[in-house]
Amino acid sequence: INVTELTQPPLPLSPKISAEIKEKIKESWPRLSLLQKKEIARIIKAEEDFIITHPLECYIPQPKQMEFHCAPQNVRGSFGANQVGKTWCGSREVSMHFTGEYPAWYPQESRVEQPTRGRIMVKDFPKGVGVVITPALLKAIPARMIKNIRKNSQGYLTKMIGVNGST
């Protein structure tokens with residue numbers, strides 16, 4: 001990040017950083033020295049890198065998402081309006097079972113042994129897989145846990161193979 005070109009600060013992505021702290025960074029930015037701006041930018045870049053490489057550790061489920069994750073049933077569904085977190089929640093659930101990495105709050109009895117085999121079904125393949133599912137999974141599953149990605153002739157994701165053998 002070239003802080004000398006920034007008139008506004010880069011803001012932390014993590015939901016764990018309160019809006020109050022983000023606002024204080026914005027307010028104080030013009031008064032900070034170049035060294036202070038560089039340090040803030042370095043910390044925010046490190047946070048962004050951590051979020052990308054450890055998405056499950058940064059995932060804070062909303063109450064309905066937590067209810068979904070902690071439900072004891074083997075088959076579960078998530079239903080709701082647009083933009084309420086169904087894909088975000090589902091992709092995190094897939095990531096947990098695909099990688100075998102679970103947050104501390106995830107019920108022990110719902111954790112599965114590795115490797116796992118999963119299937120995602122969508123009504124509209126190009127939109128469902130290309131626009132919604134693939135980007136969500138690539139954000140949810142750390143690159144270090146993916147051994148191989150297979151795509152069909154149109155370039156859509158058809159199979160993901162984990163380093164632990166999950167598919």
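A crossing of two helices is called left-handed if the near helix is turned anticlockwise from the far one by less than a right angle, and right-handed if clockwise. By this convention, helix 3 and helix 4 cross in the right-handed sense. The model shown is predicted: local features need pLDDT of at least 70, side-chain atom pairs count only at pLDDT 80 or more, and totals for chains, interfaces and linings use all residues. Residues are numbered from 1 along each chain as its sequence is written, and side-chain values use heavy atoms, with hydrogens and water left out.

**View 1. Overall arrangement of the protein.** The protein contains 5 helices and 2 strands (DSSP runs numbered from the N terminus: H or I of at least four residues for helices, E of at least two for strands). Read from the N terminus on, the order of these elements is α-α-α-α-α-β-β. Of the 167 residues, 32% are buried (buried, under 20% relative accessible area; exposed, over 50%; partly exposed, in between; 1.4 Å probe, protein chains only). Among contacts between residues at least 6 apart in sequence, 51% link residues at least 24 apart (contact, heavy atoms within 4.5 Å).

**View 2. Packing of helix 3 against helix 4.** The angle between helix 3 (residues 63-70) and helix 4 is about 35 degrees, and their axes lie 10 Å apart (axes, lines fitted to C-alpha atoms, for helices over the stretch in contact; angles, from 0 to 180 degrees between N-to-C directions). From helix 3, Gln65, Phe68 and His69 meet a set of helix 4 residues comprising Trp88, Cys89, Arg92, Glu93 and Met96.

**View 3. Surroundings of Ser91 in helix 4.** Ser91 belongs to helix 4, which spans residues 86-99. Ser91 counts as buried because its relative accessibility is 4%. Its side chain reaches the backbone oxygen of Trp88 at 3.0 Å, a polar contact (N or O atoms within 3.5 Å; within protein, one able to donate a hydrogen and the other to accept it, and residues adjacent in sequence counting only if both atoms are side-chain atoms). Neighbours within four places in sequence aside, Ser91 is in contact with Ala136, Leu137 and Ala140.

**View 4. The largest nonpolar core.** This core has 9 residues in all: Phe98, Val129, Ile133, Leu137, Ile141, Met145, Ile146, Leu157 and Met160 (nonpolar core, a set of buried Ala, Val, Leu, Ile, Met, Phe, Trp, Tyr and Cys residues joined through side-chain atoms within 4.5 Å). Two or more residues of this core come from each of helix 5 (125-140) and strand 2 (157-162). With 3 residues, helix 5 gives the most. Another core lies apart from this one and has 7 residues, including Leu56, Cys89, Tyr102 and Tyr106.

**View 5. The hairpin of strand 1 and strand 2.** Strand 1 (residues 146-151) runs antiparallel to strand 2, and 5 bridges join them (strands pair if DSSP finds at least two bridges between them). One of the bridge partners is Ile161 in strand 2, which is matched with Asn148. The hairpin has 5 residues between the strands, and Gly155 takes a positive phi near 90 degrees.

**View 6. The loop between helix 4 and helix 5.** Glu109 has its place in this loop and counts as exposed because its relative accessibility is 69%. Its C-alpha is 9.7 Å from that of Cys70, 39 residues apart in sequence. Val122 lies in the loop between helix 4 and helix 5 and is partly exposed, with a relative accessible area of 30%. Residues up to four places away not counted, Val122 touches Gly128, Val129 and Ile133. Ile133, under the same exclusion, touches Ile120, Val122 and Gly128.

**View 7. Backbone geometry at Pro115 and Gln83.** Most residues other than glycine have a negative phi, and most peptide bonds are trans. Gln114 and Pro115 are joined by a cis peptide bond with omega of about -5 degrees, and Pro115 is in the loop between helix 4 and helix 5. Gln83, in the loop between helix 3 and helix 4, has a positive phi near 65 degrees. Gln83 is exposed, its relative accessible area being 81%.
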